[in-house]
Amino acid sequence: MTTDQIILFTLFGAVFALLLWGKWRYDLVAFTALMVGVVLGAVPVEDAFSGFGHPATLIVALVLVVSAGLVRSGAVYLITRTLVDSTRSLGAHIAIMGGIGGVLSAFMNNVAALALLMPVDIQTARKAGRLPGLSLMPLSFATILGGMVTLIGTPPNIIIATIREQSLGEPFAMFDFAPVGAVTAVAGLAFVALIGWRLIPEQHEAQAGETDRETAQYIAELTVPEGSKQIGRKVRELYEDGDKAEVAILGLVRGGKRMFGTAREKTIEAGDALVLEATPDALDEFRAALSLDFSDAKREEMIRADAEGLTVIEVVVPINARVAGKSCQSLGLAWRHRTVVLGISRRGRRITKQVRKTVVEPGDILLLLAPADQAEDVANWLGALPLADRGLAVTNDSKTWLAIGLFAGAVALASFGLIYLPIALGLVVVGYVLTRVMPLSELYDHIEWPVVVLLGSMIPLGSALESSGGTELIAGALVGLTEGLPAWMILTVLMVVTMTLSDVLNNTATAIVAAPIGIDMAQRLGVSPDPFLMAVAVAASCAFLTPIGHKNNTLILGPGGYGFGDYWRMGLPLEILVVAVSIPAILVFWPL
């Protein structure tokens with residue numbers, strides 16, 4: 001081995017040892033290893049920061065922004081209302097979400113499929129009172145498995161089809177991957193849904209249910225606008241929608257008069273206000289689902305027009321606050337600070353007046369809709385104390401189909417090779433900002449920067465290992481190791497080694513390195529190269545041991561609250577299963 005190879009193998013070993021130990025955060029460990037590699041000359045100086053502009057890094061950052069835009073537009077609520085039920089058991093939820101993810105990722109890029117479903121899964125976890133870490137990893141693995149079924153489902157399949165055309169004169173077609181990919185995906189999805197999720201580390205389960213423990217229940221009002229589909233329905237007919245969003249419908253306000261017990265059988269009219277009890281997120285979901293207005297619809301429309309972005313803040317009222325003993329309407333909160341009071345939480349006591357006319361008492365918690373750049377000033381002017389920021393946002397449900405259309409169009413163009421995926425996602429982000437689906441002020445808040453640093457640091461190290469001949473060294477050792485073995489055993493060894501490389505390197509890079517090795521091995525044995533290429537395709541995609549082998553695993557690292565060493569617990573038995581199922585399938589559908 002050369003000096004550079006020794007240095008790089010040592011660095012990779014040290015990085016994985018430190019990441020599995022978990023004492024230092026993964027981004028610091030990876031960036032330190034990159035700097036050491038540069039100082040020791042194993043990584044060229046000009047390539048030191050190339051990973052931060054790499055497509056894999058950009059895709060991860062852009063997908064997180066796109067996911068946030070889909071949440072802000074109400075697209076996620078639309079999916080959760082139609083497909084997902086938070087009352088299901090965790091196993092049933094994982095099976096259904098995994099199935100949806102697997103099917104979607106077969107016909108669209110699996111990164112895009114996860115981008116669409118990840119916020120849905122997080123919202124469902126919130127409503128069910130559990131941490132998203134219990135279901136995000138199974139969802140990520142399911143979308144990776146589904147991507148193996150078609151040519152466009154995952155980048156390694158496209159690369160291998162291209163290499164086949166260059167080497168053998170004809171590429172793989174759209175569904176050539178389906179027989180092996182589908183059998184492997186179904187077996188993998190069954191494992192993930194029945195057994196795999198139970199192997200996720202217990203520390204995530206121990207924290208479940210704490211996410212909403214401190215969330216206040218507010219008394220709030222939502223107004224029925226002109227032309228609403230709810231007009232003509234009885235109030236009791238909305239109870240099912242309220243249950244889905246975890247909102248209690250307490251009564252109705254008509255002409256300034258509140259009706260509680262008598263409201264159940266009232267027919268809803270334009271201008272009526274529903275009196276609700278809900279958390280902020282549930283209130284927003286219910287409003288978006290039924291296309292209702294906030295209680296102060298005219299003022300809310302005014303601040304939407306004036307402000308670049310709106311935010312929802314929670315403030316607690318101390319004894320000496322300006323607002324204590326007064327109503328928000330009497331203070332002129334709306335015209336002075338372009339802020340609307342959405343709800344009041346008062347230690348479980350019922351509020352009997354309209355929310356904006358209710359006299360605020362010390363100890364109340366106010367839920368306010370304010371311009372994003374003035375939220376702190378509003379709290380200070382009221383003399384109230386902001387609660388911890390929980391990332392509350394206002395769903396802009398008028399732009400739901402616009403957000404879905406931009407995303408679907410970009411994915412379709414990228415899936416059929418008409419536009420490069422990072423460019424397609426970048427155009428979606430630009431579209432979201434220009435159409436105000438995503439406020440410009442929040443654009444960078446949704447990117448998991450430690451994950452970006454991890455990828456940006458590891459990619460140059462992986463490239464240096466390849467350019468220094470480290471991967472060729474592995475290939476030569478592989479050929480020597482398998483000499484004299486039956487063809488099916490050589491196929492199995494190739495698959496295991498490729499899968500191991502994919503857990504360390506980017507799966508795209510692994511496919512580029514391993515596919516020519518597979519063709520060369522097949523030619524030496526005098527057998528068809530197609531089963532070897534299929535083995536590489538499956539193995540390059542199935543990177544389940546680490547968060548850096550596949551972009552989907554990297555995407556869930558931050559939102560799921562995972563450690564670097566959490567993936568192998570479910571990933572290792574899944575990789576063993578993939579090998580056990582796919583090798584016989586390859587030999588049946590692509591005989592030697």
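This briefing covers the salt bridges and one nonpolar surface patch of the structure above. The model is predicted. The count of salt bridges comes to eight. Among them are a pair formed by aspartate 530 and arginine 164, a pair formed by arginine 236 and glutamate 265, and a pair formed by aspartate 284 and arginine 287.

**Aspartate 530 and arginine 164**

- Aspartate 530 and arginine 164 form a salt bridge in which the closest N and O atoms are 2.7 Å apart.
- This pair links distant parts of the chain, with the two positions 366 residues apart in numbering. Aspartate 530 belongs to helix α23 (residues 530-541), and arginine 164 belongs to helix α8 (residues 155-168).
- Both aspartate 530 and arginine 164 are buried.

**Arginine 236 and glutamate 265**

- In the salt bridge between arginine 236 and glutamate 265, the closest N and O atoms lie 3.0 Å apart.
- Here too the pair links distant parts of the chain, the two residues being 29 residues apart. Arginine 236 sits in the loop between β1 (218-223) and α11 (239-245), while glutamate 265 sits in the loop between β3 (257-259) and β4 (273-278).
- Arginine 236 counts as partly exposed because its relative accessibility is 33%, a value that falls between the 20% limit for buried and the 50% limit for exposed.
- Glutamate 265 has a relative accessible area of 42%, so it is partly exposed as well.

**Aspartate 284 and arginine 287**

- The side chains of aspartate 284 and arginine 287 meet in a salt bridge, with an N to O distance of 3.1 Å.
- Both residues are in helix α12 (residues 280-290); because they are three residues apart there, about one helical turn separates them.
- Aspartate 284 has a relative accessible area of 7% and is therefore buried.
- Arginine 287 is buried too, with a relative accessible area of 4%.

**Salt-bridge network**

- Arg233, Glu237 and Asp241 are joined into one network by salt bridges that share partners.

**Nonpolar surface patch**

- Met1, Ile6 and Leu473 make a nonpolar surface patch of about 300 Å².
- Leucine 473, one of the patch residues, is located in helix α20 (residues 470-481).
- The relative accessible area of leucine 473 is 36%, so this residue is partly exposed. That value also meets the requirement that patch residues have over 30% relative accessible area.

Technical notes: Residues are numbered from 1 along each chain as its sequence is written. This is a predicted model: local features need pLDDT of at least 70, side-chain atom pairs count only at pLDDT 80 or more; totals for chains, interfaces and linings use all residues. Side-chain values use heavy atoms; hydrogens and water are left out. Patches are made of residues with over 30% relative accessible area and no salt bridge: like charges are joined within 9 Å, nonpolar side chains (Val, Leu, Ile, Met, Phe, Trp, Tyr) within 5 Å. Accessible areas come from the Shrake-Rupley method with a 1.4 Å probe; for residues, only the protein chains shown count as cover. A salt bridge is a side-chain nitrogen of Lys or Arg within 4 Å of a carboxyl oxygen of Asp or Glu. Helices (H or I, at least four residues) and strands (E, at least two) are DSSP runs, numbered from the N terminus. Buried means under 20% relative accessible area, exposed over 50%, partly exposed in between (1.4 Å probe, protein chains only).
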